[in-house]
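I opened a fresh notebook page for this one and kept my notes short. Pull up the structure and follow along with me.

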Amino acid sequence: MIRPPSARSEAVFDDFKPAYTTGQALAEANRCLYCSDAPCIQACPTGIDIPEFIRKIATDNVKGSARTIFEANILGMSCARVCPVEVLCVGDCVYNHMGVPPIQIGKLQRYSTDVAYAEGWTFFEAGEDTGKRVALVGAGPASLACAHALRRMGHGCTIFEKRAVVGGLNTTGVAPYKMKADRSQDEVDWVLSIGGVELKTGVEVGRDVTFADLERDFDAVFVGFGLGPDGWLPDCEGIAGIHGAVDFIERFKLGEVDLDGVERALVIGGGNTAVDAVRELKGLGVPRVAMVYRGTEAGMSGYAHEWQAAKLENIEAIWQTQPTGFARGDDGLAVDAVKLDEKKRPIEGSAHRLPADLVLLAIGQGKLGELIAGLDGVRLDRGRLVVDAHGYTGRPGYYAGGDAANGGKEVVNAAAEGKAAARAIDAWLAADNSLRSQKTEGAV
Amino acid sequence: MAAAKVKPDLTTDCAGIRSPNPFWLASAPPTNSGEQIMRAFDAGWGGAVWKTLGTPIQNVSSRFGATNYRGTAAIGFNNIELITDRPLDVNFREIAEVKKRYPDHAVIVSLMVETREEWKEIIQRSEDAGADGLELNFGCPHGMCERGMGSAVGQEPKVNERITGWAKEFATVPVLVKLTPNVGDIVPHGLAAKRGGADGVSLINTIKSIIGVDIDRFVPEPRVGGLSTNGGYCGAAVKPIALHMVGALARDPGFDIPISGIGGVRNWRDAIEFMLLGSTSVQVCTEVMLRGYRIVEDMIEGLTEYMARHGFATVDQLVGKAVPSFSEWGQLDLNYETIAKIDAQSCIGCQLCVTACHDGAHQCIHPTGESRVPVIDEDECVGCNLCQIVCPVPGCISMVEVDNGYTPATWNQHVGEGATLRPKKGAH
């Protein structure tokens, strides 16, 4: 495992939501009503007992508060920073119905979990060794949550990660004004401190090792390899100055990018990656940044609260516009585009050209399901692994979670799915099942 | 009630002590010096009871403690400070200065000495300085009582009566006796003061207490080195105890002298509650210690507005207004019935009422599963008020009177005359 280098362009960012001081945390914690059967808990994919952890902050039982959080979600530290709380727990705080500002649950969770990390508290021990071994594909949030839960149950874990760094999108993709790569690394270290998790980085399953290898060496497999590379529009790959957004974000989070001379940047897309990317480019010093989206503001899939923050940073939007071609001339890039109507149909005679020095494509990522498509029982839906509520893929011994299975959701979803899969794997192994004892049909 | 046409007059005469309004500072740190009291009068306080004079003492460092509740500092407060530590000459000189500059404000001097001769001398000096009244400190529950003063006097009706008699013998200005709440029943102590000739009483003094314990050092608070001692409890949390004691004296047929009410008064609303239960003037200490003299502006405005709203032209008209309705349990109508109603429009779905009723009352509020608004099983609701108390939304839960068809019947009537009681609710 290689740690993120210290020289990273993302270092210029300050926290968009700064950490609470103890005084701020106490004041906010004491506002919490401690609802019964609280809506915020129901809104949390990992079901953290939010009123309880907040009450424990108020009573100066921060250790207990952190325990409550981590018992439900071992990735509670990163989720405190990256969760879209506005549409989850905070959005469902009952104070919203009273016209009173909702409790800042994310910031309180950050407070407790940061104290826990700073104090070096850990709460969980590995279970008694069962002799079973589980292979986890990908070292992102889903696999980390799954592996930690499996270790508590006493199962051995090996995580295969094709990158040199671990942590998945928490390390390579999270907007740096929410969390930087080194903090994600802190979380990986903290989670893996439970012991017994072997990390194999720089190893790509499907290429360096096969699923057949895994079935030979492991009792069960968890697939948490996330999403594939950025999607590209026709005829633009290879043009200098045009990048996939996810790839570009990874580059400035793990190293340095040179934006000298970039006066105007365009981000194509209207999802959360696009909204992140425009804010990131602005923060990295690009004077004019605009998002180019086919639909309207109301129709964009990026969170409204995130776009609202982008607007406050003087980021522009070019709505109902579709790029039709890209060209590189002497004075930079040019994006040919047309305007679209309400039904996203091109409007005749609307062709125009948008100047840019940098273009990022944030139009979705490819799916990696093909890596596993050859295995009997595994079903894909547009590249995404189809699983049941417990992460079961349909092939005995194979479970999946995170973006690979849900198609691209939040870290908190990955944490919940990884943990749920661990429970299912444990139950399957407890019933004396093992991949190693099975006939390996169709393994690739 | 018709609103008064005239501006309410807040002028107060409590046991012959006149002040521009009924709000006095209690004898305590806010009345330690002339400079402080003059600033308080400038802020609007009608009177001040000077920090108790006697033989000046030496105080400990670290002398206050507080109890906090859900982030609110000092809902209860205690102290182990004693009487004045400043030379008597200085105190008397400052009293004279204050009276010279503020002739219309009330300066009451609190006193605590031991022997008859000492009482005679200190009363004389107080009157020479211009005191409008005297308050005999028979209440302090810490330090001074170990020396045979303060609550050691207030807890013994005969001693109380005798020393009050001395004071009345020497004084020409009105004498108030400050009573300690550290007794089982306040009434005999108020009656003792009256027998001694007191012109009025003030109550309550502080309650004997330990405010807390330092759980890492294993020492009670406030910690003085490695030790602590019991102190006097005051602040918002003691108001219910004070209201009861004021009311108990006010309604006693044998007690008919004025009361200056003290204990947890923070604002005009608290002050009015004391007045309605029989206080002619109201004394404040802790809230001033926590927030300063400036709080009196709101108190004056609030009382004025309240009096105008109810048509009270003078404060006399509201003093004691709630005393007749302070009764005994046996006189309460057992057939009076209320039930809780939830306003679905303003309910925010916190369901605190569900848990409170389920765990702390009669298990009659239930979640519906359809919306977050709970339902009340009216056949089971005993009307206890708990849900209304925990509800964070003003006006969302109301306790509604039910006409159950039963004639009012008290326990006394039931036992004495066989009056019919409605069937019990929630008793199965």
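Here are my entries, in the order I looked things up.

**Entry 1: the model.** A reminder to myself before anything else is that this model is predicted.

**Entry 2: domains of chain B.** I looked up how chain B is divided, and found domain 1 at 12-325 and domain 2 at 329-417. I then checked the spacing of the two domains of chain B, and their C-alpha centres lie 39 Å apart.

**Entry 3: surface patches on chain B.** Which residues form the negative surface patch? I noted Glu114(B), Glu117(B), Glu118(B) and Glu121(B). I picked Glu117(B) for a closer look and placed this residue in helix 3 of chain B, residues 116-129. Glu117(B) has a relative accessible area of 51%, and the cut-off for exposed is over 50%, so Glu117(B) counts as exposed.

I also found a nonpolar surface patch of about 450 Å², made by Trp329(B), Leu332(B), Trp411(B) and Val415(B). From this group I followed Val415(B), which sits in helix 13 of chain B, residues 411-417. Val415(B) is exposed, at a relative accessible area of 55%.

**Entry 4: cis peptide bonds in chain B.** I went through the backbone and stopped at the bond from Leu203(B) to Ile204(B), which is cis with omega near 10 degrees. Ile204(B) falls in the loop between strand 10 (200-203) and strand 11 (207-209) of chain B. I wrote down another cis bond joining Glu221(B) and Pro222(B), with omega about -5 degrees. The loop that holds Pro222(B) runs between strand 13 (219-221) and strand 14 (231-234) of chain B.

**Entry 5: positive phi values.** Where is Phe218(B) found? I traced Phe218(B) to the loop between strand 12 (212-214) and strand 13 of chain B. Phe218(B) is not a glycine, yet I read a positive phi of about 65 degrees for this residue. Its relative accessibility is 70%, so I logged Phe218(B) as exposed.

In chain A, I noted Arg382(A), a residue other than glycine with a positive phi near 50 degrees. Arg382(A) lies in the loop between strand 15 (380-381) and strand 16 (384-385) of chain A. I marked Arg382(A) as exposed too, at 74% relative accessibility.

**Entry 6: salt bridges.** How many salt bridges does a search of the whole structure find? I got 50 over all chains, and I picked out some in chain A for a closer look.

Asp15(A) pairs with Arg110(A), and their closest N and O atoms are 2.7 Å apart. This pair links distant parts of the chain, 95 residues apart: Asp15(A) is in the segment before helix 1 (22-31) of chain A, and Arg110(A) is in helix 6, residues 105-119. Buried or exposed, where does Arg110(A) fall? I found Arg110(A) buried at 10% relative accessible area, while Asp15(A) is partly exposed at 29%.

I looked next at Lys200(A) and Glu198(A), whose side chains meet in a salt bridge at 3.5 Å, N to O. Lys200(A) is partly exposed at 32% relative accessible area, and Glu198(A) is partly exposed at 35% relative accessibility.

My last pair was Arg279(A) with Glu306(A), the closest N and O atoms being 2.8 Å apart. Arg279(A) belongs to helix 12 (residues 272-283) and Glu306(A) to helix 13 (residues 304-312) of chain A, 27 residues apart. I noted both Arg279(A) and Glu306(A) as buried.

To finish, I traced salt bridges with shared partners, which join Asp15(A), Arg81(A), Arg110(A), Asp114(A), Arg183(A) and Asp186(A) into one network.

Note on methods
Residues are numbered from 1 along each chain as its sequence is written. Chains are lettered from A and ligands numbered from 1 in the order in which they are written. This is a predicted model: local features need pLDDT of at least 70, side-chain atom pairs count only at pLDDT 80 or more; totals for chains, interfaces and linings use all residues. Side-chain values use heavy atoms; hydrogens and water are left out. Patches are made of residues with over 30% relative accessible area and no salt bridge: like charges are joined within 9 Å, nonpolar side chains (Val, Leu, Ile, Met, Phe, Trp, Tyr) within 5 Å. Accessible areas come from the Shrake-Rupley method with a 1.4 Å probe; for residues, only the protein chains shown count as cover. A salt bridge is a side-chain nitrogen of Lys or Arg within 4 Å of a carboxyl oxygen of Asp or Glu. Lys and Arg count as positive and Asp and Glu as negative; His and the chain ends are not counted. The place of a charge is taken as NZ of Lys, CZ of Arg, CG of Asp or CD of Glu. Helices (H or I, at least four residues) and strands (E, at least two) are DSSP runs, numbered from the N terminus. Buried means under 20% relative accessible area, exposed over 50%, partly exposed in between (1.4 Å probe, protein chains only). Domain bounds come from an automatic or database domain assignment.
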